[in-house]
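Trainee: Could you walk me through one part of this model in close detail? I'd like to look at the metal site and whatever surrounds it.

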Amino acid sequence: MTVNPVKTSELEKLLAISCGLVSQQGNERLKVILHQVLGDICQTIKKYDITDEEFWLAVNYLNELGERKEAALLAAGLGLEHYLDIRADEKEAAAGIEVGTPRTIEGPLYVANAPLSQNYARMDDGTEQAEIMWLQGKVTDSNGKPVAGAVVDIWHANTLGGYSFFDQSQSQYNLRRRIQTGADGSYAVRSIVPCGYGCPPDGPTQKLLTAVGRHGNRPAHIHFFVSAPGYKHLTTQINLNGDAYLWDDFAFATREELIADPLKITDTHIAEQRKINQPHTEVNFDFTLVAASDNSDEAKIKRMRVME
Ligand code: MBD
Ligand code: FE
């Protein structure tokens, strides 16, 4: 791309060169997107007469964000990750594609390759004194037919809102498991009832949220990837009903269809069947998968993830 130096302003000339528009090399899509973003930043600097001090504060903030590895956390907190869901939903609606269980954000705390088992697993390492959770459900297709061989990849926080790996005080893969469904499409796990998450109080994400008068809390939730050959990959979460932050999630992930009602089980026969032998909390959640339109639909989106 070339620019006419006679007709362009000093800023336009600067941006054209800084974004590589005048270069024959480089990636064209990246060039135009960078040009848009940098132009928007310059407009903002002008519109609000940003001071040098404010500018360097912002630059330093990016360094802090990187140092603490919180860029993905901030993307969730600013609603950008949720916006990607809004766009995906809109595209499906426009295309008239059938939808199953609704999607919601993955968040920044997934760890790949959690232990895989058939039908059932215990997720907690037994070190925490906590309310026992029996989580179960079924994976079906849109006709209600069980999906056998689906992998339900589950991860959630402990009673302090911490996730193993990111919280180094927990054992490896604590509260992270993959369950493969059998012929009836069902999965079941024994775990502990998670508590809501709060952003690190001394971190840059919380710093920004506080500066705009927001909190950094999430309601108690459980994450899922549900996948099976021939079906569209599902990234979702469920919320446990009753949490004070249910509709005040700093990451905007709550959806009406994704709220589960925790049930107190006091029936000793049920507890015995589950080898729990004490009152506990049951959570039921079924998933509906829709047919994949192509192979790429079957996989989760590409994104940098922890591979333990
Ligand atoms: C979480 O547990 C989470 O799910 C998201 C989206 C952001 C921060 C912590
Ligand atoms: Fe989470």
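Trainee: To start with, are tyrosine 163 and histidine 223 buried or exposed?

Mentor: Both tyrosine 163 and histidine 223 are buried, where buried means under 20% relative accessible area, exposed over 50% and partly exposed in between, with a 1.4 Å probe and protein chains only. Some ground rules before we go on: this is a predicted model, so local features need pLDDT of at least 70 and side-chain atom pairs count only at pLDDT 80 or more, while totals for chains, interfaces and linings use all residues. Residues are numbered from 1 along each chain as its sequence is written, chains are lettered from A and ligands numbered from 1 in the order in which they are written, and side-chain values use heavy atoms, with hydrogens and water left out.

Now the metal. The iron ion (ligand 2) has Tyr163 (OH), His221 (NE2) and His223 (NE2) as its protein donors, 2.0 to 2.1 Å away. Donors here are N, O and S atoms within 2.8 Å of the metal (3.2 Å for Na, K and Ca), and since water is not among the atoms, sites may look incomplete. Along the chain the donors are spaced Y-x57-H-x1-H. Tyrosine 163 sits in the loop between strand E5 (151-156) and strand E6 (176-180), and histidine 223 in strand E8 (residues 221-227), so this pair ties together parts 60 residues apart in sequence. Strands (E) are DSSP runs of at least two residues, numbered from the N terminus.

Ligand 1 shares that neighbourhood: Tyr163, His221 and His223 are among the residues around it, as are Arg218 and Tyr197, counting a residue if one of its heavy atoms lies within 4 Å. Its polar contacts are pairs of N or O atoms within 3.5 Å. An oxygen atom of ligand 1 is 2.5 Å from a side-chain N or O atom of arginine 218; for histidine 223 the distance to a ligand oxygen is 2.9 Å, and a polar side-chain atom of tyrosine 163 is also 2.9 Å from one. The protein covers 100% of the 260 Å² of accessible area that ligand 1 has on its own, by the Shrake-Rupley method with a 1.4 Å probe.

As for the scaffold, E8 has 6 of its 7 residues buried. Strands pair if DSSP finds at least two bridges between them: E8 runs antiparallel to E5 over 6 bridges, and 6 bridges also join E8 to strand E9 (residues 234-240), again antiparallel. The open sheet of 6 strands reads E2-E6-E5-E8-E9-E10, with mixed pairing.

Methods. Helix = DSSP H or I, 4+ residues; strand = E, 2+ residues; numbered from the N terminus. Polar contact = N/O pair within 3.5 Å; in protein donor to acceptor, adjacent residues only side chain to side chain.
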